[in-house]
Structure formats: structure tokens, C-alpha cells
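Colleague: I would like to learn how to read a model like this one. Could you take me through a few features?

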Amino acid sequence: MAELGSKGVTAGKIASNVQKKLTRAQEKVLQKLGKADETKDEQFEQCVQNFNKQLSEGTRLQKDLRTYLASVKAMHEASKKLAECLQEVYEPDWPGRDDTNKIAENNDLLWTDFHQKLVDQALLTMDTYLGQFPDIKSRIAKRGRKLVDYDSARHHFEALQTAKKKDETKIAKAEEELVKAQKVFEEMNVDLQEELPSLWNSRVGFYVNTFQSIAGLEENFHKEMSKLNQNLHDVLLGLDKQYSGNAFPVKAQPRKKTKLFARLRKKMSSDSTPAKANKSPSPPPDGSPITSPETKTVNHELEPSTLEAPGASIPKSPSQPAEAAHAGAEAAGSEAAAGAEASKTEADSGSSSLPAVVVETFPATVNGTVEGGASSERADMPPGFLFKVQAMHDYTATDSDELQLKAGDVVLVIPFENPEEQDEGWLMGVKESDWIQRKELDQCRGVFPENFTERVQ
């Protein structure tokens with residue numbers, strides 16, 4: 001009988017739960033359709049939004065902290081293997097062998113301690129912090145269900161009261177269910193209204209404590225690790241002094257591509273040959289002397305006593321080449337002299353007046369460029385300047401397009417004209433001393449190995 005009674009109670013409870021689910025589903029449908037009003041609490045909804053945000057942030061922090069711990073463990077293993085490698089290659093007769101073994105042991109202990117303290121002071125605290133969220137999340141969901149039950153009981157009671165044919169028994173029962181549903185809902189609602197804001201405000205202190213712990217542990221770890229590294233540096237420095245004659249040579253990476261300047265110079269040479277041929281003047285047909293293209297003409301003026309003579313050719317514009325004016329003046333030399341003598345005779349007799357003296361001033365030209373006037377500003381750095389590097393080791397150039405470096409040389413790095421010409425580990429530049437002295441890239445620039453230098457600006 002007891003077994004049947006137990007089964008009957010169980011069956012009745014299941015049936016009651018099923019009925020509640022159906023009632024809630026029906027109530028939600030009516031609310032979504034707008035056929036039934038829904039109890040709203042904007043303040044509580046804001047608390048729920050804050051709770052969800054806090055849970056999301058905490059979950060992400062926990063995930064990232066676990067990733068950080070995994071990385072610390074991986075670094076511990078890598079550091080341990082590196083120390084073991086040093087111990088193996090460090091020969092017994094070398095000075096400082098016992099010191100390197102001790103440093104390796106302390107290194108291992110330091111990593112282990114750092115990892116364990118991160119677990120105790122950060123990860124476990126993080127787990128405790130997040131451990132309270134599942135229960136609160138479940139209570140929030142239950143409150144939502146009880147709110148639907150309350151709304152459903154309220155609507156059922158109101159419907160019975162407004163019915164044309166009233167049944168006092170049903171109304172009394174509905175009122176009793178409404179009071180019960182309201183009481184259950186309000187008890188849960190009040191608790192959560194107090195708990196959620198408190199949980200939201202606690203996040204500040206939690207974040208402060210967590211990150212302060214991590215920062216403090218990292219600071220102590222790196223401080224102690226720095227001491228171990230300094231000790232190892234001193235031990236290796238002693239080894240280096242004892243075997244100073246066996247210094248490790250720094251080598252540049254091999255260049256695989258075709259040499260850059262060999263092609264550029266070949267191209268420049270082929271391009272410049274026709275131009276030089278065109279610059280060579282052909283002799284004039286009348287046998288007049290050829291003026292050298294290197295002659296510079298500056299303020300070419302006729303003497304005041306020189307008069308215009310028949311056949312004299314005087315340039316009318318400064319754009320005409322100075323050589324042509326000079327040749328024309330020489331061609332008319334004899335006629336001008338004769339005219340000047342005749343004019344002198346006429347002047348002595350007073351029978352004629354001197355014509356106006358024509359004076360022409362020509363701007364100075366060098367290689368076809370007009371000089372004088374405002375000079376263009378010269379850039380302090382070569383075109384395309386990127387940054388400065390300083391040579392840490394001597395480098396002997398092995399090709400004509402490479403820079404010869406001495407330790408201490410400063411090089412101005414510039415980009416390759418064609419990026420495809422750049423080999424890995426090589427830079428293009430011009431030594432600062434050459435650039436200041438000559439201001440020419442074509443003759444001064446070259447490539448050099450990057451690992452022989454360090455950036456200074």
C-alpha cells in the first residue's frame with residue numbers, strides 16, 4: 001500500500017508540473033500576442049543585464065588566466081631544457097661549471113614557485129568568484145517562472161471576477177492561488193533585488209585583488225630571474241676571458257640574388273654612351289673655332305667702346321647659348337674694328353653723333369643650368385631616408401655594390417629602388433660621412449648586412 005501511495009504521489013506531482021508548464025506556456029503566448037499584460041520591473045532587468053555582463057567578463061578572465069598559466073608552464077619547460085642544454089655543453093674543465101648547475105637549479109625552482117603562486121593567488125580565487133554565478137543564474141530563471149505563474153493566477157482571478165456567471169467557490173480558490181503565487185514570487189524577487197547589486201559592486205574589488213596579485217608575483221619573479229641571469233652572464237664572461245682568442249666571428253647572410261649595382265652600372269653605361277656622342281659639337285662649315293662645352297660664360301658684355309658694326313651678331317635673348325654669342329662676336333671682329341675706326345674719324349670731325357651702346361648681360365650657366373638667384377634647399381638626409389644604424393663590427397665588402405664598414409660607422413638607411421632586389425638580412429644605405437661630404441647617392445650608396453649593425457635612430 002505504501003508503494004502504491006508513493007507512486008500515486010509521484011504521479012500527482014508529475015501531473016501538477018506538467019499542468020504548470022502548460023499554463024506558463026499559454027500565458028507567455030498571450031503576453032507575446034498582447035492579449036495579456038506582463039508585470040515589468042525595469043530596475044530588476046537592469047540588474048540582470050549587469051549580472052550577465054559580469055558573468056561574461058569573469059568567464060573570459062578565467063579562460064585567459066588559464067591560457068596565461070599554460071604559457072608560464074610552457075616557458076618553464078623551455079627554460080629548463082635550455083638550461084639542461086647549457087649544462088651538457090659546459091665542459092667539466094671550464095671555469096664556473098658548478099655555478100651554472102646551481103643557476104639552472106634555482107631557475108627551475110623559481111619557475112615552479114611562480115606557477116604555483118599564480119594558481120593559488122589568482123586562479124583559485126577566480127574559480128571561487130565564478131562559483132557563485134550558477135546558483136544565482138538558476139534563481140533568476142526560477143524567479144522568471146514564478147513571475148509567469150503570478151501573472152497567470154492574477155489573470156485567472158480577474159477573469160472569474162468579471163465573468164457574467166460568477167462562481168464564488170472558484171473565485172475564492174483562484175484568489176487563494178493568486179496570493180500564494182504572489183508570495184513565492186515576491187520572496188525570490190526581494191532576495192535577488194538585494195543580492196544582484198551587491199554582486200555587481202563586488203567586481204571592482206575582485207579585479208583589483210586579482211591583477212594586483214598577478215602584477216606582484218610577476219615583479220618578484222622577474223626581479224629574482226634578473227639576478228640569476230646576471231650571475232649566468234658573469235660566469236660566461238669569465239669563460240670568455242679565459243678563451244678570448246677563440247672569438248665567434250659574426251657573418252653576414254649570403255646574398256642569393258643577382259648583384260644590384262652591377263646591373264645598374266651596366267644599364268647607366270649603355271644609356272650614357274649615345275648621350276655623350278650627341279653632346280660632341282660638329283665643326284661649323286666656315287671653319288670657325290669650336291667653343292669648349294666646359295667654358296663657363298658669366299656676364300658676357302660688350303665693351304662700352306664697341307659699336308654696332310654691320311654683320312655683328314648680338315644675341316637678343318639670354319636663352320640663347322653663350323657659345324653662339326661668343327662665336328658671333330669673333331666672326332664679326334674685323335668688321336667691328338673697321339667700323340670703330342670710321343666712327344672715330346667722324347667723331348673727330350664732329351660731323352656725326354655716336355649711336356647708343358648696346359650692352360647684353362648673360363646669366364652664368366653650368367652644364368645647361370642657370371646659376372645665380374635663389375639656390376634650392378639641400379636636404380639634410382638622402383631621398384627616402386628611413387633610419388640610422390651604427391656598425392657594431394667591421395665588415396669587409398666582397399662586391400662592388402657593398403659598403404665597407406668599420407665598427408662605429410653610422411649608415412643612413414634608404415629603400416631599394418626595386419624591392420625585389422633586396423635580399424633577406426641586407427639593407428641599402430649610405431655612410432653618413434660620405435653623404436655629408438659628397439651628397440651623391442649613385443657613387444656612395446651600397447648594401448650591407450643588417451646583423452652587423454644596430455638601429456640608433
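**Reading the loop, the sheet and the cysteines**

Modeller: Start with lysine 439, which sits in the loop between α9 (432-438) and β6. Keep in mind that this is a predicted model.

Colleague: What is the phi of lysine 439?

Modeller: Phi is near 55 degrees at lysine 439, a positive value in a residue other than glycine.

Colleague: Is lysine 439 buried, partly exposed or exposed?

Modeller: Lysine 439 has a relative accessible area of 30%, so it is partly exposed. The partly exposed class lies between 20% and 50%.

Colleague: Now the sheet. How do strands pair in general?

Modeller: Strands of a sheet pair through backbone hydrogen bonds, either parallel or antiparallel. Here, 5 strands form an open sheet in the order β6-β5-β4-β3-β7, and the pairing is antiparallel.

Colleague: Why is one side of β6 and of β7 left without a neighbour in the sheet?

Modeller: Because β6 (446-449) and β7 (453-455) stand at the edges, each with a single partner strand. From one strand to the next, the twist averages 50 degrees.

Colleague: How many bridges join β3 to β7?

Modeller: β3 (residues 387-391) and β7 run antiparallel, joined by 3 bridges. Take glutamine 390: its bridge partner in β7 is glutamate 454.

Colleague: Last, the cysteines. What is a disulfide?

Modeller: A covalent bond between the sulfur atoms of two cysteines. This structure holds 0 disulfides.

Colleague: Are cysteine 85 and cysteine 444 buried or exposed?

Modeller: Cysteine 85 is partly exposed, at 40% relative accessibility. Cysteine 444 is at 5%, so it counts as buried. The cut-off for buried is under 20%.

Note on methods. Residues numbered from 1 in each chain as written. Predicted model: local features only at pLDDT ≥ 70, side-chain atom pairs only at ≥ 80, totals over all residues. Heavy atoms only, no water. Pairing = 2+ DSSP bridges. Helix = DSSP H or I, 4+ residues; strand = E, 2+ residues; numbered from the N terminus. Axes fitted to C-alpha atoms, helices over the stretch in contact; angles between N-to-C directions. Buried < 20%, exposed > 50% of the residue type's maximum accessible area, 1.4 Å probe, protein only. Disulfide = S-S within 2.5 Å.
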